[in-house]
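Please open the model in your viewer and keep the sequence panel beside it, since this tour moves from one selection to the next.

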Amino acid sequence: YRLLDGWSRDKKRGSHRYERIPTDLFRIEEFSADADYIRCIPENCEDTFTLAEFAKEARISGRAANGVVKVLMERGLLERVGKRGRAYLYTRTY
């Protein structure tokens, strides 16, 4: 967000930025075992899927899906198996 406290006619030049600070948390989830991480993978995903398909099935943004897939790959629950066009293909390893 930008404060309109600048020196130009529209107050944007020289204005200051500020961050939004969360005031409440929705919920806190702890992940300790592989079963907890497996719950993040949508059941509707096929055997092999792309990041875009994962994001669509999980109903999250592509950027959030990228983070989830990276964590699942680090845990050894997903594996990159090839490419479909320019997109990587992933498969479950459990």
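Which residues make up the largest nonpolar core? In this predicted model, select Tyr-37, Ile-41, Cys-45, Phe-49, Phe-54, Ala-55, Ala-65, Val-69, Leu-72, Leu-77, Leu-78 and Tyr-90, and you will have the 12 residues of that core on the screen. Helix 2 and helix 3 are the elements that give two or more residues to this core, and the largest share, three residues, comes from helix 3. As a general background, nonpolar side chains tend to be buried together in soluble globular proteins.

**Helix 3**

Next, select residues 62-74, which form helix 3, a run of 13 residues whose first and last C-alpha atoms are 18 Å apart, close to the 18 Å expected at 1.5 Å a residue. Colour Ala-65, Val-69 and Leu-72, the buried residues of this helix, and then turn the view until you look down the axis of helix 3, where the buried residues fall within an arc of 60° and therefore line one face of the helix. The general reason behind such a pattern is that an α-helix has 3.6 residues a turn, so residues three or four places apart point the same way. On the other side of helix 3 you can pick out Arg-63, Lys-70 and Glu-74, which are exposed.

What do the buried residues of helix 3 pack against? If you show helix 1 (34-38), helix 2 (51-58), strand 2 (78-84) and strand 3 (87-92), you will have the elements that these buried residues pack against. Just after helix 3, stop at Gly-76, which takes a positive phi of about 85°. Then select Leu-77, a member of the core, whose contacts, not counting residues up to four places away in sequence, include Asp-34, Tyr-37, Leu-72 and Tyr-94.

**Aromatic rings**

Show the aromatic side chains now, for the structure holds four aromatic pairs. In one of them, the rings of Phe-31 and Tyr-37 have centres 5.1 Å apart and planes at 35°, so this pair is tilted. Phe-31 is partly exposed, with a relative accessible area of 34%, whereas Tyr-37 is buried at 15%. Another pair, Phe-49 and Phe-54, is stacked, with 5.8 Å from centre to centre and 25° between the planes. Phe-49 counts as buried at 1% relative accessibility, and Phe-54 is buried with a relative accessible area of 0%. Add Tyr-90 to the selection, and you will see the one aromatic cluster that Phe-49, Phe-54 and Tyr-90 form.

**Charged side chains**

How many salt bridges does the structure hold? There are four salt bridges, and a good place to begin is with Asp-34 and Arg-75, whose side chains meet at 2.7 Å, N to O. Asp-34 lies in helix 1 and Arg-75 in the loop between helix 3 and strand 2, so the pair ties together parts that are 41 residues apart in sequence. Asp-34 is partly exposed, with a relative accessible area of 34%, and Arg-75 is also partly exposed, at 37%.

Finally, select Arg-27, Glu-29 and Arg-39, which are joined into one network by salt bridges that share partners. Arg-27 meets Glu-29 at 2.7 Å, N to O, while the closest N and O atoms of Glu-29 and Arg-39 are 3.7 Å apart. Glu-29 is in the segment before helix 1, and Arg-39 is in the loop between helix 1 and strand 1 (48-49). Arg-27 counts as exposed at 56% relative accessibility, Glu-29 as partly exposed at 39%, and Arg-39 is exposed with a relative accessible area of 57%.

Note on methods
Residues numbered from 1 in each chain as written. Predicted model: local features only at pLDDT ≥ 70, side-chain atom pairs only at ≥ 80, totals over all residues. Heavy atoms only, no water. Helix = DSSP H or I, 4+ residues; strand = E, 2+ residues; numbered from the N terminus. Expected span 1.5 Å × (residues − 1). Buried < 20%, exposed > 50% of the residue type's maximum accessible area, 1.4 Å probe, protein only. Arc of directions from axis to C-beta. Contact = heavy atoms within 4.5 Å. Core = buried A, V, L, I, M, F, W, Y, C linked by side-chain atoms within 4.5 Å. Phe/Tyr/Trp six-rings, centres within 6.5 Å; stacked < 30°, edge-to-face > 60°.
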